[in-house]
Amino acid sequence: MHMYFYYNGHRIWSAPVGVGKPSTPTPPGHFWIRERFVLTDPSNGYYPYAFGTADYSTLTDWPGGGVVGIHGPYGASWPQIPGRISHGCIRLHVPDDFWLGSHLHIGTPVLVK
């Protein structure tokens with residue numbers, strides 16, 4: 001499982017990611033970035049950036065559906081990413097989240113396959 005970043009039709013970056021477990025999948029589809037949060041406390045599980053997408057989970061334990069996010073590792077150890085580890089969000093290693101934080105902006109399109 002990898003995330004790819006394209007600029008002018010060219011792939012300029014990729015990183016391994018953690019995605020939803022089979023019981024809590026990351027929904028596929030075309031979305032966009034709606035929110036961008038800078039987190040300065042390294043003890044925060046979403047550190048250093050968290051992005052809210054226009055996608056909502058269909059899981060029943062998230063009333064009304066929770067926003068599917070892209071964020072730091074949220075306690076995942078290095079070998080767990082890439083893997084199926086999340087509750088539907090897309091998790092990154094901290095260095096990759098830093099890179100994404102300096103390139104991803106509100107409105108950026110997101111394709112989840």
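Rings of Phe, Tyr and Trp, the last represented by its six-membered ring, are taken as a pair if their centres lie within 6.5 Å. By this rule, six aromatic pairs are counted in the structure shown above, which is a predicted model. One of them joins Y49 and F51, whose ring centres are 6.1 Å apart; the planes meet at 15°, so this pair is stacked. Another brings Y49 together with F98, with 6.3 Å between the centres and 85° between the planes, so here the arrangement is edge-to-face. This second pair bridges distant parts of the chain, as Y49 belongs to strand β5 and F98 to helix α1, 49 residues apart. Taken together, ring pairs connect Y47, Y49, F51 and F98 into a cluster.

It is helpful to look at how far these rings are covered. F51 has a relative accessible area of 2% and is buried. Y49 is buried as well, at 13%. F98, in contrast, is partly exposed, with a relative accessible area of 39%. The edge-to-face pair thus has a buried ring on the Y49 side and a partly exposed ring on the F98 side.

Stepping back to the whole chain, the protein contains one helix and nine strands. Along the sequence these elements follow the order β-β-β-β-β-β-β-β-α-β. Strand β4, residues 29-38, offers a convenient route through the strand pairing, since it has partners in both β5 and β9. With β5, residues 49-56, β4 forms an antiparallel pair over five bridges. Within this pairing, V38 has Y49 as its bridge partner, and Y49 is the residue already met in the stacked pair with F51. Strand β9, residues 109-112, also runs antiparallel to β4 and is joined to it by four bridges. Here H30 is found opposite L111.

Just ahead of β9, the chain passes through the loop that follows α1 (94-101), and T108 is located in this loop. Is T108 buried or exposed? Its relative accessibility is 17%, and since buried means under 20%, T108 counts as buried. The side chain of T108 comes to 2.7 Å from the backbone oxygen of H105. Beyond its neighbours within four places in sequence, T108 also touches F31, W32 and I33. These three contacts place the loop residue against β4, the strand spanning residues 29-38.

The overall dimensions complete the picture. For 113 residues, a compact globule would be expected to have a radius of gyration near 13 Å, and the protein, at 13 Å, agrees with this. Along the principal axes, its C-alpha atoms occupy a box of roughly 35 × 30 × 25 Å. Of the 113 residues, 46% are buried. Among contacts with a separation of 6 or more, 56% are made by residues 24 or more positions apart. The protein exposes about 6500 Å², and 58% of this surface comes from carbon and sulfur atoms.

Notes: Residues numbered from 1 in each chain as written. Predicted model: local features only at pLDDT ≥ 70, side-chain atom pairs only at ≥ 80, totals over all residues. Heavy atoms only, no water. Pairing = 2+ DSSP bridges. Helix = DSSP H or I, 4+ residues; strand = E, 2+ residues; numbered from the N terminus. Buried < 20%, exposed > 50% of the residue type's maximum accessible area, 1.4 Å probe, protein only. Polar contact = N/O pair within 3.5 Å; in protein donor to acceptor, adjacent residues only side chain to side chain. Contact = heavy atoms within 4.5 Å. Phe/Tyr/Trp six-rings, centres within 6.5 Å; stacked < 30°, edge-to-face > 60°. Rg over C-alpha atoms; globule rule 2.2 N^0.38 Å. Areas by Shrake-Rupley, 256 points an atom, 1.4 Å probe, with all protein chains shown as cover.
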